[in-house]
Amino acid sequence: MLYIIENNGYSIKDLDNLKEKLNNLGCAHTIRVSITHLEIVAFCKDSKTLRDKITKSIGSRILDIFIGEPEVKNGKELSDFMSFLDNELFWLAHTFMENPWKSYNDKKLQSLVLYAGALAKAQEGDKKAAINLIQMAKDLGGDELIDMDCAIKQIDLIFQNQRTSASRCLNVEQITNHMRPKT
């Protein structure tokens with residue numbers, strides 16, 4: 001379960017405090033901080049009780065709930081990927097590039113999944129993991145699709161509690177070329 005929660009002033013610096021507030025959930029969970037929202041991934045069944053615990057603990061309302069993976073519409077993967085990046089929903093963004101990466105068996109497209117994962121790891125406060133994922137993306141040839149300096153700047157913006165512009169790091173023309181059927 002992924003809960004998107006209104007962010008009423010929390011930053012990456014508040015992660016430990018947020019984790020402590022959520023100790024009462026009764027199941028394993030992860031939290032990510034965006035300037036616009038919080039994401040809580042709870043590894044238990046959705047219920048009114050769980051929702052009440054989350055809203056009371058955080059003091060913010062739930063904006064959206066994702067049960068399982070969001071629907072990926074064939075042909076819209078790139079636009080949906082970019083939309084989720086622009087809305088700092090990085091974990092969701094990565095799901096929209098998994099199908100093209102696997103269906104085209106293209107390691108450069110895999111680098112986009114790693115890029116979105118890196119940004120999600122930054123939102124979890126794990127800069128080392130974020131940088132490692134960016135390096136993995138680069139090692140796969142992702143620097144053809146992603147401006148790696150720009151990608152690192154997006155990670156830094158997350159840690160500075162500033163709005164990212166993650167889709168601006170992408171070379172959309174090159175990505176589109178990789179997503180065309182090979183003849």
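In the predicted model, Tyr-115, Ala-118, Leu-119, Ala-122 and Gln-123 of helix H5 are in contact with Ala-151, Gln-154, Ile-155, Ile-158 and Phe-159 of helix H7. The residues of this contact comprise 8 nonpolar and 2 polar, with no charged residues. The axes of H5 and H7 lie 9 Å apart and enclose an angle of about 20°. Because this angle is under 35 degrees, H5 runs roughly parallel to H7. The crossing of the pair H5 and H7 is right-handed.

Helix H7 spans residues 148-159 and thus contains 12 residues. From the first C-alpha to the last, H7 reaches 17 Å, close to the 16 Å expected at 1.5 Å a residue. Its buried residues are Met-148, Cys-150, Ala-151, Gln-154, Ile-155, Leu-157 and Ile-158. An α-helix has 3.6 residues a turn, so residues three or four places apart point the same way. The buried residues of H7 pack against H4, H5 and helix H6, the last formed by residues 127-139.

Leu-119, located in helix H5, is among the residues that H5 contributes to the contact with H7. With a relative accessibility of 0%, Leu-119 counts as buried, because the cut-off for burial is under 20%. Residues up to four places away in sequence being excluded, Leu-119 touches Leu-85, Phe-90, Gln-154, Ile-155, Ile-158 and Ala-166. Of these partners, Gln-154, Ile-155 and Ile-158 also appear among the buried residues of H7. Leu-119 and Asp-143, separated by 24 residues in sequence, are 16 Å apart in space from C-alpha to C-alpha.

Helix H5 also packs against helix H4. H4 comprises residues 90-104 and H5 residues 107-123; their axes are 8 Å apart, at an angle of about 165°. Because the angle is over 145 degrees, H4 is roughly antiparallel to H5. The crossing of these two helices, H4 and H5, is left-handed. On the H4 side, the contact is formed by Phe-90, Trp-91, Ala-93, His-94, Met-97, Glu-98, Pro-100, Trp-101 and Tyr-104. These residues meet Leu-109, Gln-110, Leu-112, Val-113, Ala-116, Gly-117, Leu-119, Ala-120 and Gln-123 in H5. By class, 13 residues of the contact between H4 and H5 are nonpolar, 4 are polar and 1 is charged. Leu-119 and Gln-123 are thus listed in the contact with H4 as well as in the contact with H7.

Two asparagines in loops have positive backbone phi angles. Most residues other than glycine have a negative phi. Asn-105, which lies in the loop between H4 and H5, has a positive phi of about 50° although it is not a glycine. With a relative accessibility of 64%, Asn-105 counts as exposed. Asn-161 has a positive phi of about 55°, likewise without being a glycine, and is placed in the loop between H7 and helix H8, which covers residues 172-178. At 30% relative accessibility, Asn-161 counts as partly exposed.

Outside these helices, Ile-40 lies in strand E3, formed by residues 37-42. Ile-40 is buried, its relative accessible area being 0%. Its contacts, not counting residues up to four places away in sequence, are with Met-1, Leu-2, Tyr-3, Ile-5, Leu-22, Leu-25, Thr-30, Ile-31, Ile-54 and Ile-58. Between Ile-40 and Asn-87, 47 residues apart in sequence, the C-alpha to C-alpha distance is 16 Å.

Methods
Residues are numbered from 1 along each chain as its sequence is written. This is a predicted model: local features need pLDDT of at least 70, side-chain atom pairs count only at pLDDT 80 or more; totals for chains, interfaces and linings use all residues. Side-chain values use heavy atoms; hydrogens and water are left out. Axes are lines fitted to C-alpha atoms, for helices over the stretch in contact, and angles run from 0 to 180 degrees between N-to-C directions. Helices (H or I, at least four residues) and strands (E, at least two) are DSSP runs, numbered from the N terminus. Angles under 35 degrees count as roughly parallel, over 145 as roughly antiparallel, 65 to 115 as roughly perpendicular and the rest as oblique. A crossing is left-handed if the near helix is turned anticlockwise from the far one by less than a right angle, and right-handed if clockwise. Contact means heavy atoms within 4.5 Å. Ala, Val, Leu, Ile, Met, Phe, Trp, Tyr, Cys and Pro count as nonpolar, Asp, Glu, Lys and Arg as charged, and the others, Gly among them, as polar. The expected span of a helix is 1.5 Å times one less than its number of residues. Buried means under 20% relative accessible area, exposed over 50%, partly exposed in between (1.4 Å probe, protein chains only).
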